[in-house]
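Grab a pencil and open the structure viewer. Here are two exercises on pockets and what lines them.

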Amino acid sequence: MTPLIPTPAAEALPFLDPFGFGRAACDYWRDTLERSVLFMDVMRRRGNQYLEHIEKTKPNVLGFEAEVLMDGRKLPRPVNYELLRILPPPGVETDLQMRPFVVVDPRAGHGPGIGGFKPDSEIGVALRAGHPCYFIGFLPYPVPGQTVEDVVEAEVAFLRHVIERHPETSEKPMVVGNCQAGWQIMMAAALEPELFGPLLIAGSPLSYWAGERGGAPMRYTGGLTGGSWMTSLFSDLGAGLFDGAWLVQNFERLNPANTWWTKQYRLYSQVDTEADRYLEFERWWGGHVVLGGDEIQYIVDNLFIGNRLSTAQLVTSDGRRIDLRNVRSPVVVFCSRGDDITPPPQALGWVRDLYEGVEDVIANEQTIVYCVHDTTGHLGIFVSGSVSRKEHAEFTANMDYIDVLPPGLYETTVSAAAEREDAELIERDYLLEFTPRTIEELDREVQHRPEDDTRFAAVSRISEINLGLYRTFVQPWVQAMATPESAKWMRRMHPNRLGYRLLSDRNPLMTAVPVLAERVRDDRHPVHEDNVFRAVEGILSDQVTRGLNAWRDLRDSASERFFLDLYGQPILQAMVGLGGDAHVHRRRPGAEPEHRRFIERRRDEVHRAITDGGSHEAVMRSVIHVLGGAPATDERNFKRLRASRAELEPGSELADFKHLVREQFFTLQQDHEAALEAIPTLLKGQTAAEIDAHLAHIEHVLAASGELSEHAAERFERIKALFHQAIDHAPEQEQEARRDAEASVIREAEAGGLARREMESLMEALPVTEAPRADAVSPAQHAAVQDAEAQGVESEIVASQDVEAAEPAAAPASASQAAEATSAAEATSGADASTPSTAKAGVKRKPGSRATPRRRSPRNTGKK
């Protein structure tokens, strides 16, 4: 094959180029040309892939087979969403008894499927753990007239269907909301809290005004553009549709170095190995979708600029307030310090917006867990394979533990098991640990600034003014000029979309590229990494990246400074009606009087219930006291709680067990000492053997996952002392029970003797000189005799049964005392009835005339 570049004979090279610079230059030049051809071929394949993807009716990038269960377009309030069931791949089995797992993908400009993009993804991890998996995706174009409320109602309907498909499990589905899907899921859970199990909110912004100075530049965009009027403008130009490519472009502007250089240069420099990975990601990144104009306007006005979700100011069209404090399921917030789209303050700020302290979180029965990654970017939170194998795998494995975790605020960390001294006690490669936190400690991540609230409140007011002016003077003209065809061409000509089309087979200028690329692959000459010119290329690339990053930092700092100076002016704030008071718009619902009254009522209820319950409450209270004494908890405590449920309430549902755990936690939280001192009261009525069995059960539960820490062992000694105190009081209770039983036996024996005397009095009234026939007795007398005899016998039988039931473990002395009391009672009754017995002996009765056989007393045994 003829080479692309002619080269001199190998024997002449040492003479022509003694130092090798010429040969290195030639090798580098040839490698550069070959890489350029291969790079253009990858771009051509990317364009073809894009065109093929957008022409599908239901495009997605799921890496798993799926079947459609519900089509949102057929709901009473139709939307372009659908519910899919993920089909397990070969070799993977799911257990229908396990908790269902539902992943909701973000609709923020890209197509669906990122949550199940590859085997090491959220769906892949859940499938390998045995969970039945479902996916909520969407179509490229919205249903005309659909709203955000319609989407939330559709997700609620999908979740109901998932629950109906699993009647055999009592656990509610675990729901994962990625990015923009996170706030949708939180809204749905606030409206229908009984449908949701644990929630995993990954990279989801919920508090849009929060952010760190010098970071989170996207939060300033609304102020720099004058509000949401531009959103309405682009929707009107799109004939009522908003092109998601504009949202993708905003994401790309955050990191111009990666968008314009680094991502492309990485492919160019490693084109022999990087092509498949690059194309796989671009299939999702370039799959732009369209949003309804009303949808995006609602999102920008109420969330991005208005920040009404985290302050409970959103109200549905039918009058229901969307208050995130209504969420009853545990919420796991996963974010990263390397995320410039949803930094930790925006992911976590809603907690401090709603609650003044962790006591409010506990009183509201909410469990909030947050995990902050140190380095991964926004997409890495739900795409990175390493994050999926580590954090997502641990979240999935520990969801049952998180579901019964007592209310409060916790920070979780993931550590490698191999690095720990107790590695043999850990089942998997990593250990998930939970550390209780306070709102003050959370503020270190949120970095809240009240003066910034004032500025963003001013932006919200100005946005409303500008939007009103636009709708009054400009919108009618734009809507009159825009047509569906013009909107279609505007979407096609968007720079992000046009770049894919130009570098595809539909461009005649790309015809030669695949031919040249095939020839290069057949005779490839890659240059070595130690080539001096290749090293210089890497240095120059780093300089380009640093230059673009410096420009980005300068742009962001200037934008931040302009925003702070402009909207921080007291005159401007006063002109829009704020008067410098941000609390008009950013109120904290937790500080409202009705919420304070709710907390006080809840505390009173818990305080009154300290002594309510029995042995189950005592055991669970003891276990929580011992395990709650550690500064951090982990999945090994879940083994102990799981063992407690298996032995304490094996037939109970998880919801009932969860209620028991939470109620006892509240009790300990309210008055710890009083709750502990009440344990002997809860055990009142138990025998010493039963109390000792409960204590043995606690020991077994605590030993379910290794030895206790020194601090936990000290707490357990306190529990032992309380149980021994209950055991010491148990004999007194048993003696009292025996005395009650003996008194009952005596009363029953006396009643039996009285019945016999009445019977014998009736018999004594008969003549003794002539024995009457049996049938001479009147029916009334005969019935009275039978009733009296039956009453006496039944009284004796009932008395004997009461003795057996009341004294299963009574001492022999107690039994002898009861027998003596019975004999004494019968002897007394016999002494008073000697004459009736003589008359009774002369009466003849027919066989079987007695309704109930009568037992004779020992005094009359053997008499005829």
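Before starting, one term: helices here are DSSP runs of H or I with at least four residues, numbered from the N terminus. Also keep in mind that this is a predicted model.

**Exercise 1.** Find out which helix gives the most to the lining of the largest pocket, and describe that lining by class.

*Solution.*
- Step 1: start with the space itself, a pocket with a volume of about 1200 Å³.
- Step 2: go to the centre. The lining has 50 residues, and Met218, Thr221, Gly222, Leu247 and Asn250 are the closest to that point.
- Step 3: list the helices that supply at least two lining residues each. Among them are helix 4 (148-164), helix 8 (245-254), helix 18 (450-473) and helix 23 (532-567).
- Step 4: pick the top contributor. That's helix 8, with 7 residues.
- Step 5: sort the lining by class, and you get 29 nonpolar, 15 polar and 6 charged residues.

**Exercise 2.** Do the same for the second largest pocket: which helix provides the largest share of its lining?

*Solution.*
- Step 1: the volume of this second largest pocket is about 760 Å³.
- Step 2: its lining counts 25 residues, with Asn258, Phe281, Trp285, Leu379 and Gly380 nearest the centre.
- Step 3: two or more residues come from each of helix 8, helix 9 (256-269), helix 10 (271-285) and helix 14 (380-383).
- Step 4: helix 10 takes the largest share, 5 residues.
- Step 5: the classes come out as 9 nonpolar, 9 polar and 7 charged.

Note on methods. Residues numbered from 1 in each chain as written. Predicted model: local features only at pLDDT ≥ 70, side-chain atom pairs only at ≥ 80, totals over all residues. Heavy atoms only, no water. 1 Å grid on protein atoms, 1.4 Å probe; cavity = no way out; pocket = protein on both sides within 12 Å on 5 of 7 lines; lining within 4 Å. Points joined across faces, edges and corners; volume = space filled by probe spheres on them. Nonpolar A, V, L, I, M, F, W, Y, C, P; charged D, E, K, R; others polar.
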